[in-house]
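Reader: Please take me closely through one part of this model, the salt bridges, and tell me how the paired side chains are placed.

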Amino acid sequence: MTRDIRRENGIDMDMREVLEVYRSSGLGERRPIADTERMAEMVRNANLVVTCRIDGKLVGIARSISDFSYVTYLSDIAVSLEHQRSGIGRALIGATRKEAPQAKIVLLSAPAATDYYPHIGFTRHNSAWVLNP
């Protein structure tokens, strides 16, 4: 079993694979996975996409927007259910950081993951705001 974590071009990704990871991870419950074109735009327009493949199969994705200098917004991190709790999420975050080492990483946590992020070094920030469309 070979784990390959690397940066990929979101434009070239197979959306069937991507959507399967979102579904399997549970993140699909909070993303518009029924709207394939919107999801494709989300992946294509992210300027930093880091993936994990095991024996060529996509099992994890970290989708970010970054200026590569000050801040990276980690908008999605999804790991297929069968590979959760194996270090892939942490490795995806590490690879994201490696692509923009001077930039801080900012994310909005899924409710079920709020205890995970402090465990790997994130600190809570109480002044985030959201303006919905």
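Author: This is a predicted model, and a convenient place to begin is lysine 57, which is partly exposed at 47% relative accessibility. Its salt-bridge partner is glutamate 82, with the closest N and O atoms 3.7 Å apart, and glutamate 82 counts as exposed because its relative accessibility is 53%, where exposed means over 50%. This pair links distant parts of the chain, since lysine 57 belongs to strand E3 whereas glutamate 82 sits in the loop between E4 and H3, 25 residues apart. Salt bridges that share partners also join Glu8, Glu17 and Arg53 into one network.

Within that network, glutamate 8 forms a salt bridge with arginine 53, the closest N and O atoms being 2.8 Å apart, and here too distant parts of the chain are linked, with glutamate 8 in strand E1 (residues 3-8) and arginine 53 in strand E2, 45 residues apart. Both partners are buried, because glutamate 8 has a relative accessible area of 15% and arginine 53 has 10%, and buried means under 20%.

A further pair is formed by arginine 6 and aspartate 4, whose closest N and O atoms are 2.7 Å apart; arginine 6 is partly exposed at 38%, and aspartate 4 is likewise partly exposed, at 31%. Across the whole structure, a search finds eleven salt bridges.

The loop between E4 and H3 also holds histidine 83, which counts as buried at 16% relative accessibility and, leaving aside its neighbours within four places in sequence, is in contact with Ile54, Val59 and Ile88.

Note on methods: Residues are numbered from 1 along each chain as its sequence is written. This is a predicted model: local features need pLDDT of at least 70, side-chain atom pairs count only at pLDDT 80 or more; totals for chains, interfaces and linings use all residues. Side-chain values use heavy atoms; hydrogens and water are left out. Helices (H or I, at least four residues) and strands (E, at least two) are DSSP runs, numbered from the N terminus. Buried means under 20% relative accessible area, exposed over 50%, partly exposed in between (1.4 Å probe, protein chains only). Contact means heavy atoms within 4.5 Å. A salt bridge is a side-chain nitrogen of Lys or Arg within 4 Å of a carboxyl oxygen of Asp or Glu.
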